Amino acid sequence: MEFRRAGLLYLMDILSLIENRLGETYTLHRRYVNPQLVRVLEVIGYNRNYTRAGGSRLMDAQGREVLDFLAGFGVFNIGRNHPLVAQVLKDVINMAPASMVQMDVGVLAGLLAEALAGLAPGDLEAVFFTNSGTEGVEGALKIARQATGKSKIIYCDRAFHGLTLGALSVNGNEEFRGRNEPLLPNCVPVPFNDLKALEIALSKKDAAAFIVEPIQGKGVFIPDPEYLPGARSLCDRYGALLIADEVQTGLGRTGRMFAVNHWDVVPDLLILSKSLSGGYVPVGAVITRRDIHGKVFDSMDRCFAHSNTFGQNDLAMAAGLATLHVIEQENLVEQSAVMGGYLEKGLRELAGRYELIHDIRVKGLMIGIQFGKPSALSLKTGWNLLHKMNEDLFCQMITMPLLEKHHILTQVAGHGLDTVKILPPLVIDQADADYFLTALDAVLKDAHKFPGSAWTTVKNLGLRTAKTA
Ligand SMILES: Cc1ncc(COP(=O)(O)O)c(C=O)c1O
């Protein structure tokens, strides 16, 4: 009876269930999940009710195709619903595997660990599997603290490492930290890309680790060439471990297998997640040196000193192996570098013509388009007006018409940064890039007319959200 009330009897036929109740998506989320997110989606016109996807394309309920330049926040490096990963998952389900026995270990986890050790820089070869990026960060922080016997963690302003309490303690964004204090004690922020500040923070030799995204996801900030090699030397000098959070930058995203490869840096711990399973199954991994791992798991009665239930589940492990295979077979790391270079050239050309663009930051297919105050008087008036109203409004003038008029999904790179972030699947081709550049050109053209309809639309959005906040 209870099951019938909960609508679960329909689960006997999942496709009919989806078809019959697709029209209720937002009602269900408003009522049972997160009504504030639904409000945001409605107000910016992102409530498309997507039903199908493949490669770099999404299909919405009305049958409109959308070019996905967001890739699920960087989950779909190999494109959505890759057939090879799907086949591997079906094969594993069909073989009825003995997954998660727990008081035994499985071959798939061993094979994925072997593959990751083969790809990881230097002598990183001991793998701990997780269910998410933030869980990887939690694990890395615990391993660093136990391996060094110290508790201080140094992190960067603007850093994003996930939202569980440990990861939040090394998060450099007040909008996430707020309302959660007190967080972990002894976590010290330093400005990103500032070796002097890092040295001061490390110099007491009391830090377990410095955790850093090689390229910061919020805003897409790329460090100077000497920063990460310098951080490596400083960590060595002062006895701290270097943790590279490659949850977003890893597995080809930046045009190298790992972003640290750009600077030939070998961290002590490297964290992966997001794209490791091709977007099918939650997965993550912390890869470290055997000697560091051995300091945590240092006796038989500590074999579960850090563990989880689902980390090594067979579906995630199989999807991980298939995903690595696809990345190699389809040359996606190189493709990311090539397409990133192509987009960079086009974006720099647009930046030369449109004064609202102040900076273009590109590494592979991790791209930030930074906007800033224009010098033309009329445009400056519009800029000031919008920013006075709400410091997050401006980018909506770019992202909203990109979706509404040109059917391209993009995102704002973080609060108060005036940066649009481009994070497409690594499988995009030149035609996709050209389509995006042409669409962006049209959107920028509208945005450079003040007064004009682009500004009015966003101003009205600001008025509406202020009224209903
Ligand atoms: C660099 C980085 N670390 C950690 C995380 C957290 O990952 P998850 O959302 O899987 O917990 C993210 C998520 O965006 C991230 O970009």
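**Hairpins, sheets, helix packing and a ligand shell**

Student: Which residue in the turn between strand 2 and strand 3 has a positive phi?
Tutor: Strand 2 and strand 3 form a hairpin with 4 residues between them. The model is a predicted one. The residue in this turn with a positive phi, of about 80°, is Gly63.

Student: How many bridges join strand 2 to strand 3?
Tutor: Strand 3 covers residues 65–68 and runs antiparallel to strand 2. Leu58 has Val66 in strand 3 as its bridge partner, and Met59 has Glu65. The number of bridges joining strand 2 to strand 3 is 3.

Student: Which residue takes a positive phi in the hairpin of strand 1 and strand 2?
Tutor: Strand 1 (residues 50–54) pairs with strand 2 (residues 57–60) in the antiparallel sense, over 4 bridges. Within this pairing, Tyr50 stands opposite Asp60. The hairpin has 2 residues between the strands, and the one with a positive phi near 60° is Gly55.

Student: Which strands stand at the edges of the sheet with strand 1, strand 2 and strand 3 in its order?
Tutor: This sheet of 4 strands is open, with mixed pairing and the order 1-2-3-13. An edge strand here has a single partner strand, so one of its sides is left without a neighbour in the sheet. The edge strands are strand 1 and strand 13.

Student: And which strands stand at the edges of the sheet of 7 strands?
Tutor: The order is 4-10-9-8-7-5-6, in an open sheet with mixed pairing. Each edge strand has a single partner strand, so one side of it lacks a neighbour in the sheet. The edge strands are strand 4 (126–130) and strand 6 (187–190).

Student: What is the bridge partner of Ile153 in strand 7?
Tutor: Strand 5 (residues 152–156) and strand 7 (residues 207–212) pair in the parallel sense, and 3 bridges connect them. In strand 7, the partner of Ile153 is Ala209.

Student: Which strands of this sheet does helix 7 touch?
Tutor: Helix 7 packs on the sheet, and its direction makes about 120° with that of strand 4. The strands touched by helix 7 are strand 4 and strand 10.

Student: Is the crossing of helix 7 and helix 14 left-handed or right-handed?
Tutor: Helix 7 (residues 107–119) and helix 14 (residues 314–329) pack at about 35°, with axes 9 Å apart. The meeting residues include Leu108 and Leu111 in helix 7, and Met317 and Leu321 in helix 14. By class, the contact has 9 nonpolar, 1 polar and 1 charged residues. The crossing is left-handed.

Student: How do helix 17 and helix 18 lie to each other, and why?
Tutor: Helix 17 (residues 396–404) and helix 18 (residues 430–447) have axes 10 Å apart, at an angle of about 130°. Angles of 65 to 115 degrees count as roughly perpendicular, and those over 145 as roughly antiparallel. The angle of about 130° falls in neither class. The two helices are therefore oblique.

Student: Which helix gives the largest share of the shell around the ligand?
Tutor: Of the 14 residues around the ligand, Ser132, Gly133, Thr134, Gly162 and Val247 come nearest. By class, the shell has 4 nonpolar, 8 polar and 2 charged residues. The largest share, 3 residues, comes from helix 8.

Methods. Residues numbered from 1 in each chain as written. Predicted model: local features only at pLDDT ≥ 70, side-chain atom pairs only at ≥ 80, totals over all residues. Axes fitted to C-alpha atoms, helices over the stretch in contact; angles between N-to-C directions. Left-handed = near helix turned anticlockwise from the far one by under 90°. Contact = placed C-beta atoms within 7 Å. Nonpolar A, V, L, I, M, F, W, Y, C, P; charged D, E, K, R; others polar. Near = placed C-beta within 6 Å. Parallel < 35°, antiparallel > 145°, perpendicular 65-115°, else oblique. Pairing = 2+ DSSP bridges.
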